[in-house]
Amino acid sequence: MTPVMKHTLERETKLGVERGFRLPDLPGEPIKPRTFTSTYFDTEDHRLARSGITLRYRTEARAGVWQLKLPRNGSRLELEFAGKLTAPPASLTEILLAHTRSRPLRPLARLRTKRTGVRVSGDDGPLAEVVMDDVASLDGRRVTHRLYELEIELLNGSEKDLARIENRLREAGARDGDPRPKFFRILGWPPSPISRTPSGPEPIEQVKALLRGETSRLLLHDPGTRLGSDPEDLHQMRVSARRLRAYLRAAAPMLNPEWAEALRTELAWLGRMLGPVRDLDVLLSYLNAERAAFRHPERRALQPVIDELQRERTEARDLLMQALESDRYLALLDRLEAAAQFPVVTGDTVSLLEIAHAEYRTLRRAVRKGGSEASDKALHKIRIKGKRARYATELAEASLGKPATRVIRQIRALQDLLGEHQDAVVCEQRFRKLLRRSRGKLTAVSLGRLIERQCERRREMRASLPAVWSKLERRAAKLWR
């Protein structure tokens, strides 16, 4: 695991204030005033900023630390690393490799912050910190710009506490804040999210927008995948790789076949690298949850099974990290960014509506042929066809509007149902394999119980399939009538 000194998920709200703003009376204790200097780094072409990533070296009381802030589900994950200002440590640059692609990181701005505030308390202890920042942009010792900002950072409080504190500050004169990081504002940079909105009505513009959005999302979750602290990052990265591959397949009639297939081949390779770790994450999470309901002797008997799966996951993750550090992966990222701007097209006139309708008809035939009585293998194929229909409909969503959105939502429900069915199939196969190698009667009995549970899960999913499919057919009939 990459060595990190500190690992914090920030939950904060920023508000705008004018010079001279005074904090209202808030229950709690004043925070000791602080003064610190932050030097912000990025590549020459601002690749970190474009992904919403902040990298800075903060100096306070003659001590310095590297701080990296990564977007995380509407919040930001802050990581701290030991090191000197002369260069970021290797453990930090490894996390950013997909974004920098070995481009040098350069200092772009130096800000001095004078911070005062209060730690707001409730009945059960500290709820949040409310801080007032007086920020000066420095050129040597000369102040070139100045800004003021109010931040509320939750500690042990709830979202209700955050809203209550925010209302109190607004009553005192605070206003909506600028969501950009401070040094973005100092340098006059705009917000940086990559839009999924097409720039024109042409079908190829719809394709480019989706490729752009999913490439951005893949990059968003790359640092978290390298860090390895949250399995959801790896999951979302794998989803993006699959989506990109599916969009290229759905848009095949308008793309150069050799160009598109070569890109899909590389995305399939990335999926194969991500897949084993993700599958083991799902299996271990499920196994640990089920084991919690067992008696203590059974839980103990299953520990060797969990240890074996953990060792396998460690080996799979080592291979994944090698892949993510390879020239092949970095070249794929370059190709994806180029594809989102300049896809190689055939010039043929294509109807995205017809592409989506054709994929849905393929799905409908498969469901009607097998339905809930289909074999496990057939249901897995239906799930794949469902994904293709969904992604093809997403290509046309911007043109078709809400009816397409409703179909996509219902296809997703079908996917979720069949996905859990497939998880049960895979878990059962894995548990049977472990059973054949198990030692000890109690371990075998415990694995047998888990196998029975997978059979029950499959029956439950099959029983739910007709209702989910019926609703999808109704939605689709309104879209393609």
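This predicted model has a count of 49 salt bridges. Several of them can be placed in their surroundings below, alongside a ten-stranded open sheet and a nonpolar core of 84 residues. Cysteines get a short section too, as the structure holds zero disulfides.

**Salt bridges**

- E18 pairs with R175, and their closest N and O atoms are 3.3 Å apart.
- Because E18 sits in the loop between β2 and β3 (28–42) while R175 belongs to strand β10 (residues 175–176), this pair ties together parts that are 157 residues apart in sequence.
- Of these two partners, E18 is exposed at 54% relative accessible area, and R175 is partly exposed at 38%.
- R170 and D176 also meet in a salt bridge, with 2.6 Å from N to O.
- Here R170 is partly exposed, with a relative accessibility of 30%, whereas D176 is exposed at 57%.
- A further salt bridge joins the side chains of E394 and R390, at 3.3 Å from N to O.
- Both E394 and R390 belong to helix α12 (residues 376–400), where they are four residues apart, about one turn of the helix.
- This is a buried pair: E394 has a relative accessible area of 7%, and R390 has 8%.
- Elsewhere, salt bridges with shared partners link R115, D133, E149, E151, D178, R180, K182 and R185 into one network.

**K14 and its surroundings**

- You will find K14 in strand β2 (residues 12–16).
- Is K14 buried or exposed? K14 is buried, because its relative accessible area is 17% and the cut-off for buried is under 20%.
- Leaving aside neighbours within four places in sequence, K14 is in contact with R76, E149, L150, E151, G177, D178, R180 and P181.
- Among these contacts, E149, E151, D178 and R180 are also members of the salt-bridge network described above.
- K14 and E166 are 152 residues apart along the chain, yet their C-alpha atoms are separated by 9.3 Å.

**The sheet and the helices on it**

- The ten strands of the open sheet follow the order β1-β6-β5-β4-β3-β7-β8-β9-β2-β10, and their pairing is antiparallel.
- At the edges are β1 (6–10) and β10, each of which pairs on one side only.
- Strands β3 and β4 (residues 54–60) run antiparallel and are joined by five bridges.
- Which residue of β4 is the bridge partner of Y40? That partner is R56.
- Helix α4 (residues 159–171) packs on the sheet and touches β2, β7 (106–122), β8 (125–139), β9 (142–154) and β10.
- The direction of helix α4 makes about 135 degrees with that of β9.
- Helix α6 (residues 203–227) lies across β1, β5 (63–72) and β6 (75–81).
- Relative to β5, helix α6 runs at about 120 degrees.
- As background, strands of a sheet pair through backbone hydrogen bonds, either parallel or antiparallel.

**Nonpolar cores**

- In soluble globular proteins, nonpolar side chains tend to be buried together.
- In this model, the largest nonpolar core has 84 residues, and those with the most contacts inside it are L270, Y329, L363 and F431.
- Which helix gives the largest share of this core? Helix α8 (residues 257–291) does, with twelve residues.
- Setting aside neighbours within four places in sequence, F431 is in contact with L283, Y286, L287, L447, L450, I451 and Q454.
- There is also a second, separate core of 17 residues, including L26, V120, A128 and V130.

**Cysteines**

- Why does C427 form no bond with C455? The closest cysteine sulfur to that of C427 is in C455, 12 Å away, which is too far for a bond; a disulfide needs the two sulfur atoms within 2.5 Å.
- C455 is likewise in no disulfide, as the sulfur of C427 is the nearest one to it.
- The two cysteines can also be placed by accessibility: C427 is buried at 4%, while C455 is partly exposed at 21%.

Key. Residues are numbered from 1 along each chain as its sequence is written. This is a predicted model: local features need pLDDT of at least 70, side-chain atom pairs count only at pLDDT 80 or more; totals for chains, interfaces and linings use all residues. Side-chain values use heavy atoms; hydrogens and water are left out. A nonpolar core is a set of buried Ala, Val, Leu, Ile, Met, Phe, Trp, Tyr and Cys residues joined through side-chain atoms within 4.5 Å. Buried means under 20% relative accessible area, exposed over 50%, partly exposed in between (1.4 Å probe, protein chains only). Helices (H or I, at least four residues) and strands (E, at least two) are DSSP runs, numbered from the N terminus. Contact means heavy atoms within 4.5 Å. A salt bridge is a side-chain nitrogen of Lys or Arg within 4 Å of a carboxyl oxygen of Asp or Glu. Two strands pair if DSSP finds at least two bridges between them. Axes are lines fitted to C-alpha atoms, for helices over the stretch in contact, and angles run from 0 to 180 degrees between N-to-C directions.
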